[in-house]
Amino acid sequence: MKNSARILVIEDDIDINNVMAASLAKAGYVCTQAFSGSEARLVFKAATTAGEEPFDLVITDLMLPGASGEELVREIRAHSDAPVIVVSARTDPGDKVELLELGADDYVAKPFDLDELLARVAVQLRHASRSTTRTSATLRFKDWVLNTEARTLVAAGEPVRLTRLEYGIVEALVRRPKKVFTKRELFQAAWNEDCVVEEKAVNVHVSNIRGKLKPSGTDAYLETVWGIGFKLAE
C-alpha cells in the first residue's frame, strides 16, 4: 500500500498524539487525529457516511475519555476491516489477549520507539494490501466455502464474519488440509511473511474462530494436535 494511506490516530495525550501524527505524516501518511473516544466515534461515523472504507489503519490508546479503547476496537471491527494497532501503557498479558479477542491486529506498549511504530504500521498496511489483491478463487472443505477474493467464509450455508488474520488462518489450513501446522507456521502462512509470534496469540485467534464457527456446527473442523499445533479434522 502506498504511503498515502489514511490513518486515524486516537490518543488523549496531546503531545503523544501530535508526535505520532507528525512522524506518520513525515513518512507520507495522511493522518486524522482524535483526542477522545467520543471524538473518534464521531470522526469514524462521519467518514463512513459515504459508504466507503474511511481509514486504511487505526492507531488507538486504551484509556480514553468518552469511550474506552476496547469499546472502539469492538465498534470499528464491527464496521471495518482496517487494521487496528493498540498503543497502551498497560502491558498485562491478559489485556493483550482481550484485545486480540476483540479484533485488534497488533499491540505496542508505551513507551515505544517511533521507528518501531512506523515499522508495525508498514507491516499491517502491506498485509492489508496483499489481502485485497489475491486471485479470485473458491476453496472448499466439507461444509466450508471460502471466497479468496472477497475473503469470506460460509460455513454450512451461514456467513461467518472473521477478522483479516482469522480468515488468513482458515485459508492457510484449507489450502493444505492434510498438513499439521505448528503455531508459528500457521501464523506465518496467514500473514504470508516471516514473523515472530507468541504461541498464546495463535491460541487466542484459533479459539475466536472456533467460537464463531460453533453456531454452524463446524467448529470441530479445527483440530488441536497437542504439542505441535493445529490441523483440519479428516
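**Reading a core and a small sheet**

Author: Let's start with a helix lying on strands: α8 lies across β11 and β12, and its direction is at about 150 degrees to that of β11. Keep in mind that this is a predicted model.

Reader: How do I read the sheet there: what is the strand order, and is the pairing parallel or antiparallel?

Author: Find the strand order, then the sense of pairing. Here 3 strands make an open sheet, ordered β10-β12-β11, with antiparallel pairing. β10 (181-182) and β11 (222-225) are the edge strands, each pairing on one side only.

Reader: How many bridges join β10 and β12?

Author: The antiparallel pairing of β10 and β12 runs over 2 bridges. To see the register, look at Thr182, which stands opposite Gly229 in β12. Then add α6, which packs on the sheet and touches β10, β11 and β12, with its direction at about 60 degrees to that of β12.

Reader: And the largest nonpolar core: which residues touch the most other members?

Author: Look for the members with many partners. This core has 28 residues, and Trp144 and Leu186 touch the most other members. Elements giving two or more residues to the core include β7 (144-147), α7 (183-191), α8 (199-213) and β12 (229-232). The largest share, 7 residues, comes from α6.

Reader: Which residues is Leu186 in contact with, leaving aside neighbours within four places in sequence?

Author: With those set aside, Leu186 is in contact with Ile169, Ala172, Leu173, Phe181, Val202, Val206 and Phe230. Apart from this core lies another, of 19 residues, including Phe44, Phe55, Leu64 and Leu99.

Note on methods: Residues are numbered from 1 along each chain as its sequence is written. This is a predicted model: local features need pLDDT of at least 70, side-chain atom pairs count only at pLDDT 80 or more; totals for chains, interfaces and linings use all residues. Side-chain values use heavy atoms; hydrogens and water are left out. A nonpolar core is a set of buried Ala, Val, Leu, Ile, Met, Phe, Trp, Tyr and Cys residues joined through side-chain atoms within 4.5 Å. Buried means under 20% relative accessible area, exposed over 50%, partly exposed in between (1.4 Å probe, protein chains only). Helices (H or I, at least four residues) and strands (E, at least two) are DSSP runs, numbered from the N terminus. Contact means heavy atoms within 4.5 Å. Two strands pair if DSSP finds at least two bridges between them. Axes are lines fitted to C-alpha atoms, for helices over the stretch in contact, and angles run from 0 to 180 degrees between N-to-C directions.
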